[in-house]
Amino acid sequence: MGILLFTGKGGVGKTTVAAMTAIKSSSLGYKTLIISTDPAHSLSDSFQFQFGAEPTKVSEKLYGMEVNVEHELKKHWDVIKDYLLLFFKSQGIEDVIAEELAILPGFDEVASLLNLLEYYEKGIYDVIILDCAPTGETLRLLSVPEVAKWYMNRFFGIEKKLIKIVKPIAEPLIKIPLPSEEIMDRIQEMYVKISKLKDLLESEEAMVRIVMNPEKMVVKESERAFTYLNLFGYTVDCVIVNKVFPPNAGDFFSDWIKMQELYINQIRESFPVPIIFIPFQRSEIVGEKLYELAEKVFDFDPTKRLISEKPMKIEKDGDSLLLKIRAPFLRREDIEIYRRGNELIVVAGQWKRTIFLPQALALKETVGASFNNNEIQIRFR
Ligand SMILES: Nc1ncnc2c1ncn2[C@@H]1O[C@H](COP(=O)(O)OP(=O)(O)O)[C@@H](O)[C@H]1O
Ligand SMILES: [Mg+2]
């Protein structure tokens, strides 16, 4: 099974590229599902086809869905929503407003990832493609599983027991409804799901593709995304440079072409993964055009991983083990590493990752670390 996540700055062409990948995937005979988070329904616009909130059949092998928050809340989250409403009511917030508050920020993205997991576990599709939200948000979201895992390991067992004891005593005093056992169970279920998601997204089956345009701001943001994704254990197996002006674009575009060349060179030098270029088209890429371009751009199987390296690996080196983490676009002075029991904390620039060490490493001492060739190496003995 292949899982492909498309991310990148707004407007660069994520939906278009994700849709083309889905088309090619299905034409190669893979049963394909494309999931979109975008509340603006750009997937329907792109295909010129009306998708629903559940997988909608486009053709024999191609299905798509547009995640709808209200639909998701009804389907999976009724209990938690009811609790939130109760909670807000106890705080004197009106019903209608509470209804809105219950739609938490980032919920749509969580919902689409949970859909990804659901359809992955059902095993009915060969390829699942996720058209994610713009870079910043997706990245924030992708680190959630890490945080969730941490909470799970630390608090969960304890907190649930505690609430059970405290609830009857505390509730009348503090005038805030404490979650019932059913709600706690549902929350715990969600943590388990998120933890599974994390494992899935880190697995051999999943790959992330960053879509960008050859422009200063976009390249910068893509570099940050690339660093972050690697650091958190997601494999970015290629980057897609979209909207490249053809050399014969005309006089008006001559400066644009020169500028794009500059950034294309920079991209070539700095991203250590395959690069796919897509030229700027004469018109919007919707409907038939989407199908035509999909065949042109993907003269190979786009559902297969394009690199074999992993963002994180463990190697034997003499009498010690080396944990190697890919960390491109970082400087040595940006990196700090701490060990706490069986956790390793890597702080890199603005990001912090807590790595739960596998047994083989957890039993050993951390004896040193170094940074070369865009790789953090941590020695265990
Ligand atoms: N290579 C291209 N040439 C011309 N127009 C493009 C190209 N790629 C995308 N577009 C157009 O740009 C707009 C934004 O693309 P979209 O895929 O919706 O971006 P995103 O999902 O990243 O916000 C759409 O109107 C799309 O048709
Ligand atoms: Mg989009």
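In this predicted model, Arg332 counts as exposed, because 10 C-beta neighbours lie inside 10 Å of the residue and a count of 12 or fewer meets the criterion for exposure. Arg332 belongs to the loop that links β10 (320-326) and β11. In sequence, Arg332 is separated from Gly349 by 17 residues, and the C-alpha atoms of the two residues are 9.8 Å apart in space.

The strand that follows this loop, β11, is part of an open sheet of three strands, ordered β11-β12-β13 and paired in the antiparallel sense. The edges of this sheet are formed by β11 (335-340) and β13 (351-356); each has a single partner strand, so one side of each is left without a neighbour in the sheet. From one strand to the next, the twist averages 15°. The antiparallel pairing of β11 with β12 (residues 343-348) extends over six bridges. Within this pairing, Arg339 is placed opposite Leu344 of β12.

At the level of the whole chain, 13 helices and 15 strands are found. Of the 381 residues, 31% count as buried. Among contacts between residues at least 6 apart in sequence, 70% join residues that are at least 24 apart.

A second open sheet comprises eight strands in the order β3-β4-β2-β5-β1-β6-β7-β8, and its pairing is mixed. Its edge strands, β3 (56-59) and β8 (275-279), each pair on one side only. Neighbouring strands of this eight-stranded sheet are turned against each other by 20° on average, direction ignored. At the β3 edge, three bridges connect β3 with β4 (residues 62-66), and the two strands run antiparallel. The bridge partner of Ser59 in β4 is Leu62.

Further along the sheet, β6 (206-212) pairs with strands on either side of its place in the strand order. Pairing of β1 with β6 is parallel and involves five bridges, and Ile3 has Ala206 of β6 as its bridge partner. The pairing of β6 with β7 is likewise parallel, again over five bridges; here Met212 is matched with Val241 of β7. β6 is mostly covered, with seven of its seven residues buried. Ala206, Val208, Ile210 and Met212 point one way from the strand, whereas Met207, Arg209 and Val211 point the other way; all of these residues are buried. Arg209 of β6 is thus among the buried residues, while Arg332 in the loop before β11 counts as exposed.

Helices pack on this eight-stranded sheet. Helix α6 (residues 107-122) touches β1 (2-7), β2 (32-36) and β5 (127-131), and its direction makes about 180° with that of β5. Helix α10 (residues 216-231) lies across β1, β6 and β7 (236-244), and runs at about 165° to β6. β1 is therefore a strand that α6 touches and that α10 also lies across, given that contact is assigned to C-beta atoms within 7 Å.

Helix α10 also packs with helix α11 (residues 254-270), at an angle of about 10° and with the axes 10 Å apart. Because angles under 35 degrees count as roughly parallel, α10 is roughly parallel to α11. On the α10 side, the contact is made by Lys216, Val219 and Glu223, and on the α11 side by Tyr263, Gln266, Ile267 and Ser270. Classified by residue type, the contact of α10 with α11 contains three nonpolar, two polar and two charged residues.

Ligand 1 is surrounded by 17 residues, of which Gly13, Lys14, Thr15, Thr16 and Gln281 come nearest. At least two residues of the surrounding shell are supplied by each of α1 (14-27) and β7. The greatest contribution is that of α1, with three residues. By class, the shell around ligand 1 divides into five nonpolar, nine polar and three charged residues. Strand β7 thus takes part in the shell around ligand 1, pairs with β6 and is among the strands across which α10 lies.

Technical notes. Residues are numbered from 1 along each chain as its sequence is written. Chains are lettered from A and ligands numbered from 1 in the order in which they are written. This is a predicted model: local features need pLDDT of at least 70, side-chain atom pairs count only at pLDDT 80 or more; totals for chains, interfaces and linings use all residues. Helices (H or I, at least four residues) and strands (E, at least two) are DSSP runs, numbered from the N terminus. A residue is buried if 20 or more other C-beta atoms lie within 10 Å of its own, exposed if 12 or fewer, and partly exposed in between; C-beta atoms are placed from the backbone. Two residues are in contact if their C-beta atoms, placed from the backbone, lie within 7 Å. Two strands pair if DSSP finds at least two bridges between them. Axes are lines fitted to C-alpha atoms, for helices over the stretch in contact, and angles run from 0 to 180 degrees between N-to-C directions. A residue is near a molecule or strand if its C-beta atom, placed from the backbone, lies within 6 Å of it. Ala, Val, Leu, Ile, Met, Phe, Trp, Tyr, Cys and Pro count as nonpolar, Asp, Glu, Lys and Arg as charged, and the others, Gly among them, as polar. Angles under 35 degrees count as roughly parallel, over 145 as roughly antiparallel, 65 to 115 as roughly perpendicular and the rest as oblique.
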